[in-house]
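Me: I am in my first year and I would like a close look at a single part of this protein. Could you take the salt bridges slowly, and then set them beside the strands?

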Amino acid sequence: MGTYEVTRAFVITKNPLESKCGSNTHTSALNRTIAAIKSLYNYLCEQTEDSNGNTYMTRNVSRLIHIRKKSETLHYRAAQLEGKLFLGDETKAFLEFVEQDYEKSVSNRAKTSFKKNKKRDLAILSFFLSSGLRCAEHVGINFNDLNLETGKVSVMRKEGKKDVVPIAHFSHKYITDYYEARSSLNTDVEALFITDYNQTIRKISNASINKLVAKYSEAYKVRVTPHTRHTFATRLYNVSHSQVLVSNQLGHSSTKPTELYTHIVSAEAKDALRKL
């Protein structure tokens, strides 16, 4: 069996859903594996060097395996996403639900944990909804990166680039409450968002943030962990009608990834259809 056949066999073994790629979810999973394989082969064929000065591999067979295109339009993706977003006044209502009503529906044990982390969790939720930051970017924020006077935070984007991101005003109350509580803690941990388990303070993890966002959103409406960032981006586009502004806020290098938000909750299109 040749290198190409071995590589393709690995992709199929890793993703047995290849034969069922009519589903875009399956297509996405398969594409992630293919992208990882391509990255490995690019490294082996271009960046490595043995004792003779030659790369470990001379033929990049991963070029023969192509990323699959999704068979869906932006309008379809927007329609699928719209019901999982907190748009308009719903963003404020969601935060108020967590602040005032969430604890009424949980056990006494869960209520104790909630009260302990309430200010932190509200700050994280409002940060997501007011900044458009990725989960990993939230985790990477240090205490000194946040400037309450300017309403901005310094972040490290996923490409390793430093950026300064403004935060929408509606979240300042929640962030300030947590910032003041965080200031009183005696710890050497630099991270802004932390967790205290068995009296050991450490930086909160990506998984923990995803779980808490999922927990509160599901209690309020629908599980929206992957879509919190989309909520902010859609609301910002609806107000500004600027793909450039949304792209800069989200840390994208081009406006193409933001095209989706132009198709979500288009008031103009809905008004036009009502008049037909």
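Reply: Let us begin with strand β2 and the partner it has in β3, keeping in mind that this is a predicted model. Strand β2, made of residues 152-156, is joined to β3 by five bridges, and these two strands run antiparallel. One pair to find on the display is V153 with its bridge partner V165, which sits in β3. The pair of strands belongs to an open sheet of three strands, ordered β1-β2-β3, with antiparallel pairing. Its edge strands are β1 (146-147) and β3 (162-166), each of which pairs on one side only. As background, strands of a sheet pair through backbone hydrogen bonds, in either a parallel or an antiparallel way.

Elsewhere in the chain, strand β4 (residues 194-197) pairs with strand β5 (residues 200-203) in the antiparallel sense, over four bridges. Within this pairing, T195 has R202 in β5 as its bridge partner. Two residues lie between the strands of this hairpin, and N198 takes a positive phi near 55° there.

Now to the salt bridges, of which the structure holds 10. A good one to study is that between K173 and E99, whose closest N and O atoms are 3.2 Å apart. Because K173 lies in helix α7 (residues 172-183) while E99 lies in helix α4 (residues 90-101), the pair ties together parts that are 74 residues apart in sequence. K173 itself counts as partly exposed, at 46% relative accessibility.

K173 also forms a salt bridge with D177, and here the closest N and O atoms are 3.7 Å apart. These two residues are four apart in helix α7, so about one helical turn separates them. D177, with 30% relative accessibility, likewise counts as partly exposed. Salt bridges that share partners also join R134, E137, R157 and D163 into one network.

A further example to look for is the salt bridge in which the side chains of K104 and D101 meet, at 3.2 Å from N to O. Is each of these two residues buried, partly exposed or exposed? K104 has a relative accessible area of 64% and is therefore exposed, since the cut-off for that word is over 50%. D101, by contrast, counts as partly exposed, because its relative accessibility is 32%.

Technical notes. Residues are numbered from 1 along each chain as its sequence is written. This is a predicted model: local features need pLDDT of at least 70, side-chain atom pairs count only at pLDDT 80 or more; totals for chains, interfaces and linings use all residues. Side-chain values use heavy atoms; hydrogens and water are left out. Two strands pair if DSSP finds at least two bridges between them. A salt bridge is a side-chain nitrogen of Lys or Arg within 4 Å of a carboxyl oxygen of Asp or Glu. Buried means under 20% relative accessible area, exposed over 50%, partly exposed in between (1.4 Å probe, protein chains only).
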